[in-house]
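Reader: I should like to go through this structure with you, starting with one helix and working outwards. Please keep the answers plain.

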Amino acid sequence: MMDLKQARKQLDQFSCIEQKTVDTEEEKEQLKTALQTIVKESEWENLGICADNTQQAINAVKSYLTAFGYDIEQVNFDQTQLLDHPVYIKFSTKQMGFYQDNYTGDYRGVLVSCQAEDDLVAGTYGHLPLDLFCLLD
């Protein structure tokens, strides 16, 4: 079990400026646990996904939401056009909805912004791997 301070320390290694790789299964499991620990204490979250295409972005959204304990059956993922070029999707767990836009940058990954009164919980975490919680891509 990881406490909030340990979780925050783990997530603070991901600066939102530089991309840090997750090289081992142990690092991946620690990162997943840290993120789930923080999200559990969050009031709601925004996910920012930069991906090669819409399907890859939606797969990431679904896997992150499922890992955070949300019911993805409540989300209408058919509301957007499937684009086969880089996209940005912003998903809000407060509204359980998202919007998609074209994306011209090179970054691929996820930013998780946790909204909370507790400064230990509140913050933006990432850049995180698109497939952090995916079994299949």
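**From the first helix outwards**

Author: In this predicted model, the face of α1 turned away from its buried side carries the exposed residues Lys5 and Lys9.

Reader: Which residues of α1 are buried, then?

Author: Helix α1 spans residues 4-11, and its buried residues are Ala7, Arg8, Gln10 and Leu11. They lie on the same side of α1, because the arc they cover around the axis is only 160°.

Reader: Is there a general reason for spacing of that kind?

Author: An α-helix has 3.6 residues a turn, so residues three or four places apart point the same way.

Reader: What do the buried residues of α1 pack against?

Author: Their partners are α2 (25-41) and β5 (123-128).

Reader: And what is found at the start of α1?

Author: There, a side-chain oxygen of Asp3 comes to within 3.1 Å of the backbone nitrogen of Lys5.

Reader: Let us move to the interior. Which residues of the largest nonpolar core touch the most other members?

Author: Among its 36 residues, they are Leu35, Ile49, Tyr64 and Val112. Two or more residues each come from α1, α2, β1 (44-51), α3 (54-67), β2 (87-92), β4 (109-115) and β5. Helix α3 gives the largest share of this core, 6 residues.

Reader: What does Val112 touch?

Author: Leaving out residues up to four places away in sequence, its contacts include Leu35, Val39 and Leu47, as well as Tyr64 and Phe68. Gly123, Thr124, Tyr125 and Leu128 are also among the residues that Val112 touches.

Reader: Stepping back, how many helices and strands does the chain have?

Author: The chain has 3 helices and 5 strands. Their order from the N terminus is α-α-β-α-β-β-β-β. The radius of gyration is 14 Å, close to the 14 Å that the globule rule gives for 137 residues, so the chain is as compact as a globular protein of that length.

Reader: What does the C-alpha trace span, and how much of the chain is buried?

Author: The trace spans about 40 × 30 × 25 Å along its principal axes. Of the 137 residues, 44% count as buried. The chain exposes about 7900 Å², of which carbon and sulfur atoms supply 45%.

Reader: How much of the contact set comes from residues 24 or more positions apart?

Author: Such pairs account for 66% of the contacts with a separation of 6 or more.

Reader: I would also check the backbone. Where is there a cis peptide bond?

Author: One joins Gly126 and His127, with omega about 10°. His127 is located in strand β5.

Reader: Which residue has a positive phi although it is not a glycine?

Author: That is Met96, with a phi of about 50°. Met96 sits in the loop between β2 and β3 (97-102). Its relative accessible area is 18%, so Met96 is buried, the cut-off being under 20%.

Reader: What is the usual case for phi and for peptide bonds?

Author: Most residues other than glycine have a negative phi, and most peptide bonds are trans.

Reader: One last residue: where is His85, and what is it in contact with?

Author: His85 belongs to the loop between α3 and β2. It is partly exposed, with a relative accessible area of 33%. Apart from neighbours within four places in sequence, His85 is in contact with Asp52, Asn53 and Asn102.

Reader: Which of these side chains does His85 join in a polar contact?

Author: The side chain of Asn102, at 3.4 Å. As for Tyr64, 21 residues away along the chain, its C-alpha atom is separated from that of His85 by 22 Å.

Note on methods:
Residues numbered from 1 in each chain as written. Predicted model: local features only at pLDDT ≥ 70, side-chain atom pairs only at ≥ 80, totals over all residues. Heavy atoms only, no water. Buried < 20%, exposed > 50% of the residue type's maximum accessible area, 1.4 Å probe, protein only. Helix = DSSP H or I, 4+ residues; strand = E, 2+ residues; numbered from the N terminus. Arc of directions from axis to C-beta. Contact = heavy atoms within 4.5 Å. Polar contact = N/O pair within 3.5 Å; in protein donor to acceptor, adjacent residues only side chain to side chain. Core = buried A, V, L, I, M, F, W, Y, C linked by side-chain atoms within 4.5 Å. Rg over C-alpha atoms; globule rule 2.2 N^0.38 Å. Areas by Shrake-Rupley, 256 points an atom, 1.4 Å probe, with all protein chains shown as cover.
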